[in-house]
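Student: Could you take me through one part of this model up close? I'd like to look at the open sheet and whatever packs around it.

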Amino acid sequence: MKRDLLDLAARLTAEREPYALATVVRSERPTSGKPGNMALISADGVMHGWIGGSCTRSEVIHHALETLDQGEPRLLAFGSSPGRRDDLVPVPMSCSSGGKVEVHVNPVLPAPVLIVAGRSPVARSLVRLGDAMGYTTVAETSEDEALAAAADKAVDDLAETAARYAERPRGWRLYAVVATMGRRDEPSLAELAAAAPDYLGVIASPTRMEEVRRVLAAHGLDADEIARVRGPAGLDIGAESPEEIALSILAEIVQLEAQTRESGAIKSGDASADAAATDPVCGMTVPVAGSPSSVFEGEPVYFCCEGCRSRFDASPEAYLRER
């Protein structure tokens, strides 16, 4: 990796900004990308570095953004032949020159954020265990010195904190647990729900949860938001002590994340950055943002490169009939 990419990766990591690293691991002539070529794709879809020409650029960006959402690396095979390995994601090679290229795309994501509401023993255990798991922990109150000291950050205004994390970049994972033990369950849940966390749980009995859901509806939460609240929070492992309860909750978060990855579900982030189109000339999937474009009959048309745009502009009807 060149020095400028190392510096950029270090800066984005320090600023908790997600990015993906794309590396050419194999190529067959004629291709411009060679093994070892590397690029960094930031969360806004901008590529820094070099992995080859326009034949691979737009597809790599598209897949890089997906890896940021899904949290899983992938190995792209441009121009792959039948009988490919199961670990390869086949991608058509649109360039007429042919060739084959394999590009490994690896997401680099900031540590998940765990917000814990409440000053209970379970809240303190959640913060300590969350820290051990590498999460960035946020405790609701700074009045409890032990809790504030254990957390990476202590806040007094839960609603303001939730509003800030609601605007988090793609690739960020946000978990929230209400451990107020009945003292302020519903207001805390309503405030945290505004951040649309990837996990929102509350420590409450099944009977208590029936009342919690009724009150949340009165707070203005819709049925989908209420259904996403996990209560009683945690896996049923027979937990009794505060540490065991905290462990069961974090285990449920781990289980949920694993299930989400397996299902390939799209995760948090700015969906508008995902907008893609098909180049009518070569058939390549290209991101709308930053791609060359033309307008035909009042509608935008997007291309992988200037060459495809020029060919389309010379005879748009021919390409649209073919597609």
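Tutor: Here is a walk through that sheet, its surroundings and a few side chains worth clicking on.

Keep in mind that this is a predicted model. The mean pLDDT of the chain is 85, with 89% of residues at 70 or more. The stretch to treat with care is 265–273, where pLDDT falls below 50, although the model still gives this stretch 22 contacts beyond near neighbours in sequence. For the wider setting, the chain has 323 residues, 46% of them buried, and its secondary structure comes to 11 helices and 16 strands.

Now the sheet itself. Six strands make up an open sheet with parallel pairing, and reading across you get E9-E8-E7-E10-E11-E12. The edges are strand E9 (153–154) and strand E12 (229–230); each has a single partner strand, so one side of each has no neighbour in the sheet. At the E9 end, strand E8 (residues 136–139) pairs with E9 in the parallel sense over 2 bridges. If you want a residue to click on there, Ala139 has Ala154 in E9 as its bridge partner.

Next, the nonpolar packing. The largest nonpolar core has 26 residues, and the ones touching the most other members are Ile115, Leu189, Leu192 and Leu216. Several sheet strands feed into this core: E7 (113–117), E10 and E11 (199–202) each give at least two residues, and so do helices H5, H6 (185–193) and H7 (206–218). H6 makes the largest contribution, with 4 residues. Zoom in on Leu216 and, setting aside residues up to four places away in sequence, you'll find it touching Glu186, Leu189, Ala190, Leu221, Ile226 and Val229. A separate core of 22 residues lies apart from that one, and Ala123, Val127, Ile245 and Ala246 are among its members.

Two further residues are good to have on screen. Arg173 sits in the loop between helix H5 (158–166) and strand E10 (174–178). Is Arg173 buried or exposed? Its relative accessible area is 10%, so Arg173 counts as buried, the cut-off being under 20%. The side chain of Arg173 also has a partner, since a polar contact of 2.6 Å joins it to the side chain of Glu257.

The other residue is Leu256, which belongs to helix H9 (residues 242–263). Leu256 is buried too, at 14% relative accessibility. Beyond its neighbours within four places in sequence, Leu256 is in contact with Asp198, Tyr199 and Arg230. Take the pair Leu256 and Asp198: they are 58 residues apart in sequence, yet their C-alpha atoms are 9.2 Å apart in space. Over the chain, among contacts between residues at least 6 apart in sequence, 54% join residues at least 24 apart.

Finally, for contrast with the parallel sheet, look at some antiparallel pairing elsewhere in the chain. Strand E1 (residues 19–28) runs antiparallel to strand E6 (residues 100–108) over 9 bridges, and Thr23 has His104 in E6 as its bridge partner. Strand E4 (residues 74–78) also pairs with E6 in the antiparallel sense, over 5 bridges. In that pairing, Leu76 stands opposite Val103 in E6.

Methods
Residues numbered from 1 in each chain as written. Predicted model: local features only at pLDDT ≥ 70, side-chain atom pairs only at ≥ 80, totals over all residues. Heavy atoms only, no water. Buried < 20%, exposed > 50% of the residue type's maximum accessible area, 1.4 Å probe, protein only. Contact = heavy atoms within 4.5 Å. Pairing = 2+ DSSP bridges. pLDDT = per-residue confidence, 0-100. Polar contact = N/O pair within 3.5 Å; in protein donor to acceptor, adjacent residues only side chain to side chain. Core = buried A, V, L, I, M, F, W, Y, C linked by side-chain atoms within 4.5 Å.
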